[in-house]
Amino acid sequence: MTALENAVAFKDVSKVFRGPREIKAVDNVSFDIKGGTIIGLLGSNGAGKTTLIRMTTTLLSPSSGRIVVAGYDVMGAPEKVREHIGYAGQDTERSLYYRLSPRENAKYFGWLSGLRAETAVERLEHFACQVGMDDRLDQHFITLSGGEKQVFVVLRALLHYPDIVFLDEPSKSLDVLTARRIRGLLKEYRHKHNATVIITSHNLKELEDVCDKLIFIDHGRKVFEGSPEELKRVAFKSESVEVRGGPFEDAIVGELMSLGETVPMREGRELRIVCENPYVTIRQVVNILEAYDVRAIVAMGEPSLEDAFEQIVGRVRDT
Ligand SMILES: Nc1ncnc2c1ncn2[C@@H]1O[C@H](COP(=O)(O)OP(=O)(O)OP(=O)(O)O)[C@@H](O)[C@H]1O
Ligand SMILES: [Mg+2]
């Protein structure tokens, strides 16, 4: 199967929750997701990511605007949309039957999507092997550890080979190794099935590793759309040199400050010197450190996605 041209399209989508306090959880959001890509939704707690995903997966209706998934309007043809999607929600505990084992859950959920029991189990076994969880298939879901439960919730979303997969915080509670295996599985799944994968995460390293494109949501609004590299460039327009291994003596900091605007980071353990030409500044930094006989790590500034996140959220909050 070839990838869908436009897997998902959002046009002026808003969601207002009415209650004691009216909350505009999603505020006039528009963007398209190209088929065959892996997209990361990021933003602070309460930014509106889950609400956006729940509307896209037909679990909530938009207050206004239009969402088209695999060519079908989520309001006009929700059952068609559901045929094309896989979804793993943020609430792991309630996503599978807790008195059934992962294998039994696969049979049940596979049956709901029209799969034969053997096919569903075969696929589950294959995925579970890939992430090193094939020895957990016959244990009651409730007795699995938090991370093990999370893995099976993600695997369930892939069983019926959906074209478009929505994963709301897939790496929640996962150790570094398991999270990496899940990322590997998602990348392979995308290639094998020409699928589109949309994930939300607070693990920015994960988003950087797996996503072709990021959508940054703040207060229900889209504040950025582009690659992880573009996000960093938007957050940091200038070149810089980083000096790690502090905190440094006041005298050293004073001299470094004369080289350009110097920003202390990570409680002074790191200094970022904003400069015009990092090649020149690096030499000057090394000379200063050498004069004080101090060993430190000196490098061209490479902002992390974490820094970019802080910058953008801070900037939006200040305006
Ligand atoms: N059913 C609901 N009724 C009322 N308000 C809601 C409801 N669901 C979400 N909200 C509110 O909408 C806003 C967006 O919530 P949402 O769950 O989409 O955020 P999120 O970006 O997924 O956050 P997190 O990273 O913490 O998961 C929050 O202010 C939340 O309190
Ligand atoms: Mg959420």
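## Strands that pair

Two strands count as paired if DSSP finds at least two bridges between them. In this predicted model, strand S1 (residues 6-17) and S2 clear that mark with eight bridges, running in the antiparallel sense. One place to look is valine 16, whose bridge partner in S2 is lysine 24.

These strands belong to an open sheet of four, ordered S2-S1-S4-S5 and paired antiparallel. At its edges are S2 and strand S5 (72-73), each of which pairs on one side only. As background, strands of a sheet pair through backbone hydrogen bonds, in either a parallel or an antiparallel way.

## Helix H1

Is helix H1 mostly covered or mostly open? It is mostly covered, with seven of the eight residues in 49-56 counted as buried. The buried ones are Lys49, Thr51, Leu52, Ile53, Arg54, Met55 and Thr56, so you will find Lys49 and Arg54 listed alongside Leu52 and Ile53. After H1 comes threonine 58, which has a positive phi, near 70°.

## Around ligand 1

H1 turns up again when you look at the ligand. The shell around ligand 1 is made of 13 residues, and the closest of them are Phe17, Ala25, Asn45, Thr50 and Thr51. Thr51 is also one of the buried residues of H1.

Which elements supply this shell? Strand S2 (23-34) and H1 each give at least two residues, and the largest share, three residues, comes from H1. Sorted by class, the shell holds eight polar residues, four nonpolar ones and one charged residue.

## Two nonpolar cores

Now for the interior. The largest nonpolar core has 69 residues. Those with the most contacts inside this core are Val69, Val154, Leu155, Val165, Leu167, Ile182 and Val197. A second core, separate from that one, has ten residues, among them Val241, Phe248, Leu256 and Ile273.

Leucine 155 is a handy residue to display in your viewer. Which residues does leucine 155 touch, leaving aside its neighbours within four places in sequence? They are Leu124, Phe127 and Ala128.

## Two domains

Finally, step back to the whole chain. The domain assignment splits the chain into domain 1, covering 6-232, and domain 2, covering 237-302. Taken over C-alpha atoms, the centres of domain 1 and domain 2 are 42 Å apart.

Notes. Residues are numbered from 1 along each chain as its sequence is written. Chains are lettered from A and ligands numbered from 1 in the order in which they are written. This is a predicted model: local features need pLDDT of at least 70, side-chain atom pairs count only at pLDDT 80 or more; totals for chains, interfaces and linings use all residues. Domain bounds come from an automatic or database domain assignment. A residue is buried if 20 or more other C-beta atoms lie within 10 Å of its own, exposed if 12 or fewer, and partly exposed in between; C-beta atoms are placed from the backbone. A nonpolar core is a set of buried Ala, Val, Leu, Ile, Met, Phe, Trp, Tyr and Cys residues joined through C-beta atoms within 7 Å. Two residues are in contact if their C-beta atoms, placed from the backbone, lie within 7 Å. A residue is near a molecule or strand if its C-beta atom, placed from the backbone, lies within 6 Å of it. Ala, Val, Leu, Ile, Met, Phe, Trp, Tyr, Cys and Pro count as nonpolar, Asp, Glu, Lys and Arg as charged, and the others, Gly among them, as polar.
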